[in-house]
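Visitor: I should like to go through this structure by question and answer, with the reasoning set out at each step. May we begin?

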Amino acid sequence: MQAMNILSVTSMRNEAPYLLEWIAYHKMIGISQFLVISNDCSDGTDAMLDRLSEIGLVRHLRNKNYEKKGVQWTALDLAAQDPWTKAAEWIFVHDCDEFLNIKLGDGHVSDLVNTHPEATGFALPWRLFGNGGVVTLDDQPTIAQFTRCAPEAFSAPWTASLVKTLFKNDGTFGKLGVHRPKKPQASLLDRAHWINGQGIRLPKAFVAQGMVLLGPYSGQSQACINHYSLRSAHGFFSKSQRGLPNVATKPIDLGYWIDRNFNGNTELSIQRNLPSLKDALADLKSDPILGSLHADGLAYHRSIAAKALDTRDGVIQLVRMLTQQSIPMPERLGQNLTETLRRLNQEAKGQ
């Protein structure tokens with residue numbers, strides 16, 4: 001069978017400790033190309049991307065003029081005009097803390113696509129992974145360190161039920177989006193065939209504009225997105241400084257931590273890829289330039305935590321983070337609240 005041309009698109013800032021693992025993992029499971037748009041890096045991420053570009057693993061663009069639309073939307077506009085995007089058979093827009101977890105076959109993207117040859121899109125739910133009590137920023141793979149997570153069926157906070165979408169680049173949609181492609185072409189929607197993480201076909205209404213999977217559509221038996229948005233407590237200090245790429249006014253603070261620090265379940269399915277990942281990661285680090293930049297970036301992020309913990313506010317925040325464990329509410333209540341919030345958001349946009 002002919003190999004699929006699958007393009008990963010992402011915007012990136014200050015991800016030096018995590019970049020190589022993210023590239024190595026997704027290349028290993030079948031992502032064929034990486035289009036990375038960086039901005040305002042101070043930890044060497046952009047230099048790492050330049051080197052990865054030199055050795056043929058990524059295409060690296062710099063995002064410099066994003067004041068009007070914001071970082072992530074400007075990056076997606078840049079990506080949309082890129083020849084790699086135009087030539088891609090499949091496109092997957094995701095972030096450096098999001099790992100595509102295929103639970104079929106050998107955990108390869110082809111295992112998912114070949115199971116559903118009629119599919120033109122896969123809307124895959126987030127699985128929120130908590131901090132799991134990890135304090136220090138260690139040079140170990142994310143998928144090895146963080147195994148504690150939210151339940152599979154999980155609706156509140158509403159961010160827990162969001163999706164990321166692997167979709168066929170067949171002209172059905174006119175614009176890239178953060179969670180799903182945008183601007184559906186009405187004349188082409190009937191041919192769209194989207195599958196959820198449980199292998200169930202999604203209704204046309206969802207294909208047109210849905211971003212949240214609730215109730216019977218929230219299953220993850222075939223695939224999901226492992227979302228490691230917190231990682232270590234020390235690493236969270238540098239993430240707090242970086243901010244969110246798509247909502248510049250929303251802080252990454254204790255509230256962000258509380259919304260995501262669910263540790264009541266254990267999920268290990270992604271670790272079947274761990275031995276191969278460690279080999280691929282070691283290979284990347286053996287490049288003298290990448291190895292050095294990775295070590296420097298790790299030291300930079302550790303220094304941010306050290307500076308924060310030399311202040312009163314930093315120590316107080318760390319204590320609060322390490323003593324706070326988020327507890328899921330009853331699922332029926334969570335679904336009702338998320339549905340209500342979604343309705344209120346739509347009403348607010350209509351005003």
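Visitor: Between which two strands is Val 178 found?
Guide: The model discussed here is a predicted one. Val 178 belongs to a loop, and the strands on its two sides span 173-175 and 182-184. The loop that holds Val 178 therefore lies between strand 9 and strand 10.

Visitor: Is Val 178 buried or exposed?
Guide: Leaving out residues up to four places away in sequence, Val 178 touches Gln 72, Trp 73, Leu 76, Val 93 and Lys 164. Its relative accessible area is 7%. Because buried means under 20%, Val 178 counts as buried.

Visitor: How many Å apart in space are Val 178 and Leu 337?
Guide: In sequence, 159 residues separate Val 178 and Leu 337. In space, taken from C-alpha to C-alpha, the separation of this pair is 23 Å.

Visitor: Which elements cover the buried residues of helix 3?
Guide: Helix 3 covers residues 71-80, and its buried residues are Val 71, Gln 72, Thr 74, Ala 75, Leu 76 and Ala 79. Of these, Gln 72 and Leu 76 are also among the residues that Val 178 touches. The elements that cover the buried residues of helix 3 include strand 1 (6-12), strand 2, helix 4 (83-87) and strand 4 (90-93).

Visitor: How many residues of helix 1 are buried?
Guide: Helix 1 runs over residues 19-28 and is mostly covered. Its buried residues are Leu 19, Leu 20, Glu 21, Trp 22, Ile 23, Ala 24, Tyr 25 and His 26. Of the ten residues in helix 1, the number buried is eight.

Visitor: Which residue just after helix 1 takes a positive phi?
Guide: The phi in question is about 120 degrees. The residue that takes this value is Gly 30.

Visitor: At what angle do the axes of helix 1 and helix 2 cross?
Guide: Two packed helices are described by the distance between their axes and by the angle between them. For helix 1 and helix 2, the axes come within 11 Å and cross at roughly 35 degrees.

Visitor: How many residues of the contact of helix 1 with helix 2 are nonpolar?
Guide: Helix 1 contributes Leu 19, Leu 20 and Ile 23, while helix 2 contributes Thr 45, Met 48, Leu 49 and Leu 52. No residue of this contact is charged and one is polar, and the number of nonpolar residues is six.

Visitor: Which backbone nitrogen lies 3.0 Å from a polar atom of the side chain of Thr 45?
Guide: Thr 45 is placed in helix 2 (residues 45-54) and is buried, with a relative accessible area of 0%. Beyond four places in sequence, Thr 45 touches Met 12, Asn 14, Glu 15, Ala 16 and Leu 19. The backbone nitrogen that lies 3.0 Å from a polar atom of its side chain is that of Ala 16.

Visitor: Which helix gives the largest share of the largest nonpolar core?
Guide: The largest nonpolar core has 61 residues, and Leu 52, Leu 100, Val 109, Phe 122 and Ile 143 touch the most other members. The largest share of this core is six residues, and it comes from helix 1.

Visitor: How many residues make up the other core?
Guide: This core lies apart from the largest one, and Val 9, Leu 35, Ala 75 and Ala 88 are among its members. Its number of residues is 13.

Visitor: Why are Cys 149 and Cys 224 not joined by a disulfide?
Guide: Cys 149 is buried, with a relative accessible area of 0%, and Cys 224 is buried as well, at 1%. A disulfide requires cysteine sulfur atoms within 2.5 Å. The sulfur of Cys 149 has its closest cysteine sulfur in Cys 224, too far for a bond because the distance is 8.5 Å.

Visitor: Which residue is joined to Pro 157 by a cis peptide bond?
Guide: Pro 157 lies in the loop between strand 7 (148-149) and strand 8 (163-168). Omega of the cis bond is about 5 degrees, and the residue joined to Pro 157 is Ala 156.

Visitor: Is Lys 183 buried or exposed?
Guide: Lys 183 lies in strand 10, and its phi is near 50 degrees, a positive value in a residue other than glycine. Its relative accessible area is 55%. Because exposed means over 50%, Lys 183 counts as exposed.

Note on methods:
Residues numbered from 1 in each chain as written. Predicted model: local features only at pLDDT ≥ 70, side-chain atom pairs only at ≥ 80, totals over all residues. Heavy atoms only, no water. Helix = DSSP H or I, 4+ residues; strand = E, 2+ residues; numbered from the N terminus. Buried < 20%, exposed > 50% of the residue type's maximum accessible area, 1.4 Å probe, protein only. Polar contact = N/O pair within 3.5 Å; in protein donor to acceptor, adjacent residues only side chain to side chain. Contact = heavy atoms within 4.5 Å. Axes fitted to C-alpha atoms, helices over the stretch in contact; angles between N-to-C directions. Nonpolar A, V, L, I, M, F, W, Y, C, P; charged D, E, K, R; others polar. Core = buried A, V, L, I, M, F, W, Y, C linked by side-chain atoms within 4.5 Å.
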